[in-house]
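Open the viewer and follow along. Each stop says what to select and what you will find there.

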Amino acid sequence: MEVESTQSLPWSNNEVHRSKRLTKISLVILNFIIMVIGSTGSPLILRLYFLKGGKRIWLSSWLQTGGWPLILIPLFVSYMKSRDKKLPLMSPSLFISCAFIGILTGLDDWLYAYGISYLPVSTSSILISTQLAFTALFALLLVRQRFTPYSVNAVVLLVIGAAMLGINSSGDKPEGESKEKYYLGFFMTIGAAVLYGLVLPLVELSQMKYEKVRVPVCYRLVLEMQLVMGFFGTAFSTVGMIVNKDFTAIHREARDFELGEARYYIVLVGSAIMYQCFFVGTVGAIFYGSALLAGVIMTVLIPVTEVLAVVFFSEPFSTGKGVALALSLWGFVSYFYGEIKGKKARETVNGTS
């Protein structure tokens, strides 16, 4: 009996290892799917809100984090499957870090909502892609992410693409909108890209600090982090809504909405769900990879959003916008190629050492 149990032990260990690997792959795939849905769908539904008569900036900002209670569902499932029944997993210092990041996210949401209220989705998506450049910069400063010629090339291409949009803005301005409002939306969106470029490395830094003093970060902790960030981001926007009297204006705005009152509320709820998909997917990408990986995935999804904006909103797609998109994709390919080459070089060094 003793011999049989000893012989079956390696097989059991292999099975456990294989099960953990399959679980991780499943979570990575699920995380990628919800990030794709959130990244491509959220700007479209928010732009729909403004196109059909919505005007409340703070409300649209609130919607980007207001769906945070939805995270309780996967968090509960994760808790029931976990052997560690401690709740919560996060430390007080991590809680404070997430609260601060949540407030920054609330401010970023406001900047983004302001920008997309005046810009076509195709334009705002290309401008937001510049967050990869700012993510790379802040990742270098905060988490010592190494710069390579490929990542520098990616940053330069993204900046040039955004500059081209600014120069060729005359044919992109929505009908009936002043140049002042267009440029205000333009720079607000750039501001949102800068701030989100800071948020992503801050999330990664928080996870790294937690791992140094406690156990490795697990996906359940990632969900707890997003829950706290969502709560404080929503609290920030709630204050803005109260000051701006958005709560009292919702019923009136719903009544005047071009698609009807019922569809107005569907748009609001849909927006909240889409943005939760985006944020949970983004934090998951940081957990499984890095802040830069999250930025890269957002960048590569730009063409999908561009096509959907042209199809659903009949947005013009000028030559300048096409060149800017090409530069953004070139920047992405440059970064991704550099990462693959760097990984192979590290594997070669490790193999010879």
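A residue counts as buried when its relative accessible area is under 20%. By that cut-off, 49% of the 353 residues in the protein chain are buried. Keep in mind that this is a predicted model.

**Whole chain.** Show the cartoon. The protein chain holds 14 helices and zero strands. Follow the elements from the N terminus: every label reads α, from start to end of α-α-α-α-α-α-α-α-α-α-α-α-α-α. Now turn on the surface. About 17,800 Å² is accessible, and 68% of that belongs to carbon and sulfur atoms.

**Contacts.** Take the contacts between residues at least 6 apart in sequence. Of these, 85% join residues at least 24 apart.

**Confidence.** Colour by pLDDT. The average for the protein chain is 82, and 87% of the residues reach at least 70. Select residues 57-63, helix α2: confidence is highest here, at 95. Then select residues 291-300, helix α12, where the mean drops to the lowest, 72. Next, pick residues 1-9. Their pLDDT is below 50, and the stretch has zero contacts in the model beyond near neighbours in sequence. Where pLDDT is low, the predicted coordinates should not be read in detail.

**Nonpolar patch.** Select Leu70, Ile73, Phe76, Val77, Met80, Val269 and Ile273. Together they form a nonpolar patch on the surface, with about 660 Å² of accessible area. Which helices each supply at least two residues of the patch? They are α3 (72-81) and α11 (261-288). Helix α3 gives the largest share, four residues. To finish, click Val269, which sits in helix α11.

Note on methods: Residues numbered from 1 in each chain as written. Predicted model: local features only at pLDDT ≥ 70, side-chain atom pairs only at ≥ 80, totals over all residues. Heavy atoms only, no water. Patch = residues over 30% accessible without salt bridge, like charges linked within 9 Å, V, L, I, M, F, W, Y side chains within 5 Å. Areas by Shrake-Rupley, 256 points an atom, 1.4 Å probe, with all protein chains shown as cover. Salt bridge = Lys/Arg side-chain N within 4 Å of Asp/Glu carboxyl O. Buried < 20%, exposed > 50% of the residue type's maximum accessible area, 1.4 Å probe, protein only. Contact = heavy atoms within 4.5 Å. pLDDT = per-residue confidence, 0-100.
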